[in-house]
Amino acid sequence: MKRMKQLSLSLICAMILLSNCAEKKVEHLTTSLRAPAYPLITIDPYTSLWSMSDNLYDTPTKHWTGKNQSMIGAVRVDGQVYRFMGKEEVPLESVIPMAGEENWTGQYTFSEPKEGWEQAGFDTKGWSEGQGAFGYDHMKSVKTIWEDNEIWVRREFDFPETNTPLYLIFSHDDDFELYINGTQVVNTGNAARFDVVQEIDASLINQGGKNVIAAHCLDRQGWAYVDFGIYTESDLKEVFTQTAKQTGVSLSATQTIYSFNAGPVNLDVSFTSPLLMDDLNLLSRPVNYIDYSVASTDGKEHEVQVFFEMSPQFAVNDESQEVSVESGSAGEVLFLRTGTTSQNILGKKGDNVRIDWGYAYLAGAPKTNGNLAISKYFDGKSQFARSGDVGNGLSTQKSKITANTPVMTYADDLGSVDQGSGFLMLGYDDLYAIQYFDNNLKAWWAQDGSTFSEELTDAGKSHDKVISKCVNFDNEMWNEAVTAGGKAYADLCVLAYRQSIAAHKLTKDKDGNILFLSKENFSNGSIGTVDVTYPSAPLFLKYNPDLLKGMLNPIFYYSESGKWTKPFAAHDVGTYPLANGQTYGGDMPVEESGNMIILTAAIAEMEGNANYAKDHWEVLTVWANYLLENGLDPENQLCTDDFAGHFAHNANLSIKAIMGIASYGRLAEMLGKPEISEKYTAEARKMASEWEKMAADGDHYKLTFDKEGTWSQKYNLVWDKLLGYEIFPEEIVKKEIPYYLTVQNDFGLPLDNRRTYTKSDWIVWTATLADNKETFQKFINPVHDYVTTTPDRVPMSDWYETPDAEQVGFQARSVVGGYFIKMLEK
């Protein structure tokens, strides 16, 4: 019997989609670049799922932080099971447990020890004794407080005889090195990682005798953490050992589409995040789609069942937390949901943390024949392998995440078919999303009284329409990006789109003002960071300036309310998700003031009026005057590239100040204030003339005014071009661009002469200064090479080494929205 069930219009062919259920075919323009990580579910900074390998089945699926958030997919064809998504997590058994399982004691010091500190037999006289883990008191399992600078830890232990493989599991924040009996086995450099599993050479362990693990960790800024243990394999085994063969993966702005062969059947699976910025209700709705379709390759009908499994890991910060799993319904939509039993709403803040309040949902399509069931981790897969179903499952379950963890399973029996399809939905109800100056705010979608059940029901009913809208937008964006900068540039924009948007949370304040709050992912976890808003702004200027207003509104409010009293803009408004005031340890006076004024002027340019600036004129004036007094030759202070440290006389930061003053002049002109406009525009021109003299260094311009033989990217000049100010002479760009081409490396243009690392967003801004597409592409192609060859399989990093494409730090950040700046040239 041939069965066509709930036709998944996006997946009959990876490149074809039927529009609005009509017969007219719309070509879906996608690209097949090798991404460092592939976006699967991208809703907000908390609800996030990525594949960090070439094949969807090579590794477990992960949160952007690198933590496992397991989702497994399999297809059963004529009784044969093929895994196409994720990888089973066969639990390891602890030999030397980490702090989450059992208290352990070690010796530690905050002062640099004598040589040989990592060796067995080292004399730890003068060291302190404490229990692991070591770190900030709010982080998991911390027993000994360590909050800044450096720590050295030694853990001595006896080890039993064993013939099984051994694994080191470790967590750290930030730079980390670890030794086993004096042999270094870990050196991560500038990075923070949690629950990393690494097989170790058993010969390093003195089995049946005494051993020592010695670790050193440097806290650069933010959170501090150290924990480690040794594990071995358990007796449990994988169920889905056979994989399908992945035959392709392609990307568009809103979709990631995989193709597989499973015996006599081809399978397509598409992940859609409907982040369409012309519809804020849809943008905010915390539901993504997973579509699947099968087609016979031999013209015959085959018995086909499709399986998905979702772990409670989606709803915890760490796996020591107890979860509940239960079933329910929303209209015609059946669902399973999971959440922690503690429900400490808005109880955690920080960078490398996940949400542990609210509920994660796995839901079938309306009126689906698919079956949802709560199953034990190995039992559900085993039953599907035997029968193609998941049975009735268990009733409501409570458990910690162990080998017998209850999981949410879904099976769809397509029957005997030559083609068939369906879809399911994954969503998250966070209950409350943000704390904003002591007010707990719900997400945008929930502030009109809508319930999650209603959102889920509507998502199911509108599936086909939403998929069609996504494809139309994807095509428009692709064509425009190719026209602006070529295919390599369009590839970068496609990969940046979901990453940038999903690093924000959309809500409203108590007065109804839009708030679009960023999380400074894998940096320090700040919320509403101005120098993260600045580089990411082009994406939102392009598609909806109201969202950029939502990024600026918290900073304006912070000053206008009197909560921030300094004569320059704040750096941030807190640590995500608590937006109660700046928590960053230092100010960036010129940087943030310039950013705020420039972006306000860019909004005015996009909207054709300066009404938004009029609403904030008083504080804009304060900031503009600060730049007049302090911007030409900045004192020793940080700029947005704060990882490079404080330095004075920053030529590129000076450009930002001048652009800020010019922007204020333009806004005054648009608001009918000619005298103010003339004054500030004239001052900007005067400062630019002085800048040229101070920065000149032969065939290029200096990094700092006081040091000859230096250089830096002058990416802030791009606003002079885009906003048509003509403040700086054209000769500056005509001199800088050719010089940059002489100093760029295989994977891009370094940030400046001091180091070989770079920021990819700034390269795109610098490239946009070029006066033709061919020169633009000379800068873009190395960035594309970086993205497609970097050995670091993480959501795209913007901070990397230009000689070898290795990540320095940062990942999954919103700043890649800056790639869209080339598309603002019109």
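Lysine 714 sits in the loop that connects β37 (700-701) and α13 (718-722); helices (H or I, at least four residues) and strands (E, at least two) are DSSP runs, numbered from the N terminus. Good morning, colleagues. What we have before us is a predicted model, in which local features need pLDDT of at least 70 and side-chain atom pairs count only at pLDDT 80 or more, while totals for chains, interfaces and linings use all residues. Residues are numbered from 1 along each chain as its sequence is written, and side-chain values use heavy atoms, with hydrogens and water left out.

Is lysine 714 buried or exposed? Its relative accessibility is 0%, so lysine 714 counts as buried; the term buried means under 20% relative accessible area, exposed means over 50%, and partly exposed lies in between (1.4 Å probe, protein chains only). Between the C-alpha atoms of lysine 714 and valine 816, which stand 102 residues apart along the chain, the separation is 18 Å.

A second loop residue is phenylalanine 122, placed between β8 (104-109) and β9 (128-132). Phenylalanine 122 is buried as well, its relative accessible area being 17%. Its C-alpha atom is separated by 41 Å from that of threonine 61, 61 residues apart along the chain.

I turn to two helices. Helix α5 (residues 487-501) comprises 15 residues and reaches 22 Å from first C-alpha to last, close to the expected 21 Å; the expected span is 1.5 Å times one less than the number of residues. Where is the kink in α5 centred? It is centred on leucine 495 and amounts to about 25°, the bend at a residue being the angle between axes fitted to the seven residues ending there and the seven starting there. Of the 15 residues of α5, 14 are buried, so the helix is largely enclosed by the rest of the structure.

Helix α6 (residues 530-543) has 14 residues, and its end C-alpha atoms are 20 Å apart, in agreement with the 20 Å that it should span. At serine 536, α6 bends by about 55°, and proline 538 follows within four residues. This helix is mostly covered, with 13 of its 14 residues buried.

Next, the strands. In strand β22 (residues 287-296), nine of the ten residues are buried, so β22 is largely enclosed by the rest of the structure. Strand β21 (residues 265-272) pairs with β22 in the antiparallel sense over eight bridges; two strands pair if DSSP finds at least two bridges between them. Here phenylalanine 271 stands opposite isoleucine 290 in β22. Strand β30 (residues 419-429) also runs antiparallel to β22, joined by nine bridges, and tyrosine 289 faces methionine 425 in β30.

A further three strands make an open sheet of mixed pairing, in the order β32-β31-β35. At its edges stand β32 (439-441) and β35 (578-579), each with a single partner strand, so one side of each is left without a neighbour in the sheet. Strand β31 (residues 434-436) and β35 pair in the parallel sense over two bridges, with tyrosine 436 opposite alanine 579.

I close with α5 and β22 once more: the former has 14 of its 15 residues buried, and the latter nine of its ten. Thank you.
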